[in-house]
Structures are given as C-alpha cells and as structure tokens.
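Visitor: Please take one part of this model and go through it slowly. I would also like to know how that part sits in the whole.

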2 protein chains.
Amino acid sequence: MKRKSFGEMECPIAQTLEVVGEWWTPLILREVLMHDRTRFDELQKTLGIAPTVLVSRLNTLVGHGLLERRQYKQNPERFEYVPTASAHDFRPVLDELARWGRKWATLAP
Amino acid sequence: MKRKSFGEMECPIAQTLEVVGEWWTPLILREVLMHDRTRFDELQKTLGIAPTVLVSRLNTLVGHGLLERRQYKQNPERFEYVPTASAHDFRPVLDELARWGRKWATLAP
C-alpha cells in the first residue's frame, strides 16, 4: 500500500510525522539520542533492523537535517550519524512517548 | 513489506509506537482529541483517508482501549469513537509533535 505524504499538510503534527513518523524512525532516534549509538553497524545490530530499511530511514533523517553523516573509518569505509540541534530537540517527544507507554501500554491486550 | 511488531520489546517507546505508531494514527487522535471529531464519516472526510485504512486504525485504537465505539444512529447504522482517559493522556505527545514541527519542519527540504 502506498503511503500518503503528509508533507503538504499545513498541520505541524503532520509536518513532524512526515520527517519522523515512519516505522522504526523514533527507535533510531532513541538509540542516537538516548544511548549515543551513532554508527551504522551498531544501530543495525542493536535494533535488529533490515539494513535496507535502516539506510532509508537514515537518509530521510539526514535529508531533513536531523543527522549528519560522517565517515569515521577507511578500508573498509564506515559511517556514523551525528545528531544536530533539531534531533536533540526531538528528545522531549521521545520522553512523552516513553511516559505514555509506561503508564498505558501495559494495559494493552 | 511486512512491518515488524514492536509489541514484544520492553522499551516503553516501542510499546507506545505499537499502539499509535502506524501511519495516520496520530492524525486520527489529533481530530478526536483536539477537534472533537469522533464520528467515522467526519473523520474520513476531514482526513481524506481511505475508509479501509481508517477502519483498521480505529480498530487498533479500540483494541488498545484508547477509543470506545458507540452507535449514535440507526437506519443506517452510524458509529462514533469516543476517547478514553488513555487517549486524553496522549495529548501531551501531540503537543510535543506540534511544537517540534512548528520549530523545525519548515527547515526541511
């Protein structure tokens, strides 16, 4: 099923979801912001995410300016993804998601 | 592509995403919580969402206890979805998503 883009909507919630609302993306930001895991290989291993999906999500975050891609090793080339100010400012959203989950998600079926 | 379930993860952020992290769901909660739109027909029309997708998302929210399905009309039958305490407590997440969007999403490419 093709996913409808929210980028054209004027609502700031929709605008945010267009950037960070894809499946996996908040968990990637959790690793980067809360656990200082910035390297592709450690993100992939920790999350157990398909490499192709991780590449796609990281490219979106880089494209929207939340992460900066930096090479930290040659032969073989390895890259890390360093959070910018806009990524750090997403931390309160993660904190609210965690608060809600601790309070309500255990009641789920 | 099959979507991996986050429900088995212990992280409270992942638990929350399992309930409300699907595409469209936060916007449905925006309509219900911030604009008092609880009827299926008005949700469908306002959001411009495919009816089958709206049914799926509403069923998930009902299943996790955020919404209660109530019939408000007969012949033809019509239903509304009334937010519970756990849905109202999701409002701070929407507020944070909106704050981030107002601050940063306009900088996106």
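Guide: What follows starts with the chain, goes to one loop, and ends at the contact between the chains.

This is a predicted model, in which local features need pLDDT of at least 70, side-chain atom pairs count only at pLDDT 80 or more, and totals for chains, interfaces and linings use all residues. Residues are numbered from 1 along each chain as its sequence is written, while chains are lettered from A and ligands numbered from 1 in the order in which they are written.

Chain A contains six helices and two strands; helices (H or I, at least four residues) and strands (E, at least two) are DSSP runs, numbered from the N terminus. Along the sequence their order is α-α-α-α-β-β-α-α. The C-alpha trace of chain A spans about 45 × 35 × 30 Å along its principal axes.

The part to look at is the strand pair. Strand S1 of chain A covers residues 67-73 and strand S2 of chain A covers residues 78-83; they pair in the antiparallel sense, over six bridges. Two strands count as paired if DSSP finds at least two bridges between them. One of the positions to find is Gln71(A), whose bridge partner in S2(A) is Phe79(A). S1(A) and S2(A) make a hairpin, with four residues between them.

Now the loop itself. Asn75(A) lies between S1 and S2 of chain A, and its phi is near 45°, a positive value in a residue that is not glycine. The next peptide bond, from Asn75(A) to Pro76(A), is cis, with omega near -5°. Pro76(A) belongs to that loop between S1 and S2 of chain A as well. Most residues other than glycine have a negative phi, and most peptide bonds are trans. Asn75(A) is exposed, with 5 other C-beta atoms within 10 Å. A residue is exposed if 12 or fewer other C-beta atoms lie within 10 Å of its own, buried if 20 or more do, and partly exposed in between, with C-beta atoms placed from the backbone.

Chain B has a cis bond too: it joins Asn75(B) and Pro76(B), with omega about -5°. Pro76(B) is in the loop between strand S1 (67-73) and strand S2 (78-83) of chain B. Elsewhere in chain B, Asp36(B) has a positive phi of about 55° although it is not a glycine. Asp36(B) is in the loop between helix H2 (25-34) and helix H3 (40-47) of chain B, and it is exposed, with 10 other C-beta atoms within 10 Å.

Away from the loops, 32% of the 109 residues of chain A count as buried. The largest nonpolar core (buried Ala, Val, Leu, Ile, Met, Phe, Trp, Tyr and Cys residues joined through C-beta atoms within 7 Å) has 50 residues, and those with the most contacts inside it include Val93(A) and Val93(B). Val93(B) touches Val93(A), Glu96(A), Leu97(A) and Trp100(A), leaving aside residues up to four places away in sequence. Contact requires C-beta atoms, placed from the backbone, within 7 Å.

Between the chains, 34 residues of chain B are in contact with 34 residues of chain A. On the side of chain B that touches chain A, helix H6 (91-104) is among the helices that each supply at least two residues, and H6(B) gives the most, with 11 residues.

Notes: Contact = placed C-beta atoms within 7 Å.
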